[in-house]
Amino acid sequence: MPFKITHATAPTPGGVSEAAVVTGPTFAFVLDGATATGAMTGCVHDVTWYVEQLAGLLCAQLLTQGPAGLREILRTALTALVGKHGQTCDMTNADSPSATVAMVRERSGSLDVLVLGHSPVALHRTNGAVEVIVDDRAAFLDSYTEEAVRGHRNCAAAGGFWVAGAKPEAAEQALTASIPLSQIHRLAVLSEGAARLPERYGWSWPRFMAELSDSGPGRIIAVTREVETGTAAGAFRGMTHDTAAIVLCRPS
């Protein structure tokens, strides 16, 4: 890619990282485990295994299937991953291991973007505007109880949301875009936990992108943890902390 790439990851404090960051000659993506640790998944594999396997399969597809669209690449990877579960796992269980996907790829002078689940891609355009591509369907759930999330995950009914899991057709639900590279100054690929400063704590996205470019991904994650630690319990729906992963692509 015609960018200088830096990245950083940090697990939920006291936990294990369930994110994967992969960059290649023409692509970068972030995967973030989306099934609660300790849930009765019906699967002998954990979320970390799922994320690692999907990362490898996506990387192979991106390196070898140049003409294919990103939805097709994701669907092929998900189909192969379902096969890796063998006969040991209940693929009908709504809590089977899953992950969000945020991916970018350079192709023919354009930047292709795919997001599935609440992991955004932020684009700082050459005209100064910041555009955020995010699949925020999960943010509109009426309830965040385990039962409510389970009932709406990878559900085609109204109010459902989609992540990469045991249903390859989830790839067709991903949001995609294609932007001329000439219009992009820099970009960031983020896990949900790395987007807390603009999404929860009042930072504008232009400020976030400027601070990220100046200070780097590691510093942004550190500031996020500092702010989260000072937040009163119950101030926001969902977890106080989450795995944070950032890929920053700046002009080379």
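The exercises below, each with a worked solution, concern a predicted model.

**Exercise 1. The five-stranded sheet**

Work out the order of the strands in the open sheet of five strands, and determine which strands stand at its edges.

Solution. Begin with the order, which is β2-β3-β4-β5-β8, with antiparallel pairing. Next, look for strands that have a single partner: these are β2 and β8 (175-180), which therefore stand at the edges, one side of each being left without a neighbour in the sheet. From one strand to the next, the twist averages 10 degrees. Finally, take one pair in detail: β3 and β4 run antiparallel and are joined by seven bridges, and within this pairing Phe29 has Met103 in β4 as its bridge partner.

**Exercise 2. Two helices across the sheet**

Describe how α1 and α2 lie across the strands, and identify which residues of α1 are buried.

Solution. Take α1 first: this helix lies across β2, β3 and β4, and runs at about 160 degrees to β3. By comparison of strands, α2 lies across β4, β5 and β8, running at about 45 degrees to β5. The length of α1 can then be checked, since its 18 residues reach 26 Å from the first C-alpha to the last, close to the 26 Å expected at 1.5 Å a residue. The buried residues of α1 include Trp49, Tyr50, Leu54, Leu58 and Gln61, and the elements against which the buried residues of this helix pack are β2, β3, α2 and β4.

**Exercise 3. The nonpolar cores**

Find which residues touch the most other members of the largest nonpolar core, and state which element gives the most to this core.

Solution. The largest nonpolar core has 31 residues, of which Phe29, Leu31, Leu54, Leu58 and Val101 touch the most other members. Two or more residues come from each of β2 (19-23), β3 (27-33), α1 (47-64), α2 (70-84), β4 (99-107) and β5 (110-116). Among the contributors, α1 gives the most, with nine residues. A second core, separate from this one, has 21 residues, including Met1, Val104, Leu111 and Leu123. To see the surroundings of one member of the largest core, consider Phe29, whose contacts beyond four places in sequence include Val22, Ala55, Leu58, Leu62 and Met103.

**Exercise 4. Salt bridges and their burial**

Establish which residues are joined into one network by salt bridges that share partners, and decide for Asp112 whether the residue is buried or exposed.

Solution. A search of the whole structure gives seven salt bridges. One of these joins the side chains of Arg105 and Asp112, at 3.0 Å from N to O, and Asp112 also forms a salt bridge with Arg107, where the closest N and O atoms are 3.3 Å apart. As for accessibility, Asp112 has a relative value of 8% and therefore counts as buried, because the cut-off for buried is under 20%. Arg105 is buried as well, whereas Arg107, at 31%, is partly exposed. A further salt bridge is found between the side chains of Arg125 and Glu131, at 2.7 Å from N to O; here Arg125 is buried, with a relative accessible area of 18%, while Glu131 is partly exposed at 29%. Through shared partners, Arg105, Arg107 and Asp112 are joined into one network.

**Exercise 5. Helix α6 and the loop that follows**

Check whether the span of α6 agrees or disagrees with the expected value, and then place Thr243 in the structure.

Solution. At 1.5 Å a residue, the 13 residues of α6 should span 18 Å, and the 19 Å between its end C-alpha atoms agrees with this. The buried residues of α6 include Ile220, Ile221, Val223 and Arg225; the buried residues of this helix pack against β1 (3-10), α4 (196-199), α5 (205-215) and β10. Thr243 lies in the loop between α6 (217-229) and β10 (244-251), and is buried, with a relative accessible area of 4%. Leaving aside neighbours within four places in sequence, the contacts of Thr243 include Ala10, Asp32, Ser191 and Arg225.

**Exercise 6. A lysine in a loop**

Locate Lys167, and state which residues it touches beyond four places in sequence.

Solution. Lys167 is found in the loop between α3 (146-152) and β8, and is partly exposed, with a relative accessible area of 35%. Not counting residues up to four places away in sequence, Lys167 touches Leu78, Asn154 and Trp162. Between the C-alpha atoms of Lys167 and Val115, which are 52 residues apart along the chain, the separation is 16 Å.

Methods. Residues are numbered from 1 along each chain as its sequence is written. This is a predicted model: local features need pLDDT of at least 70, side-chain atom pairs count only at pLDDT 80 or more; totals for chains, interfaces and linings use all residues. Side-chain values use heavy atoms; hydrogens and water are left out. Buried means under 20% relative accessible area, exposed over 50%, partly exposed in between (1.4 Å probe, protein chains only). Contact means heavy atoms within 4.5 Å. A salt bridge is a side-chain nitrogen of Lys or Arg within 4 Å of a carboxyl oxygen of Asp or Glu. The expected span of a helix is 1.5 Å times one less than its number of residues. A nonpolar core is a set of buried Ala, Val, Leu, Ile, Met, Phe, Trp, Tyr and Cys residues joined through side-chain atoms within 4.5 Å. Two strands pair if DSSP finds at least two bridges between them. Axes are lines fitted to C-alpha atoms, for helices over the stretch in contact, and angles run from 0 to 180 degrees between N-to-C directions.
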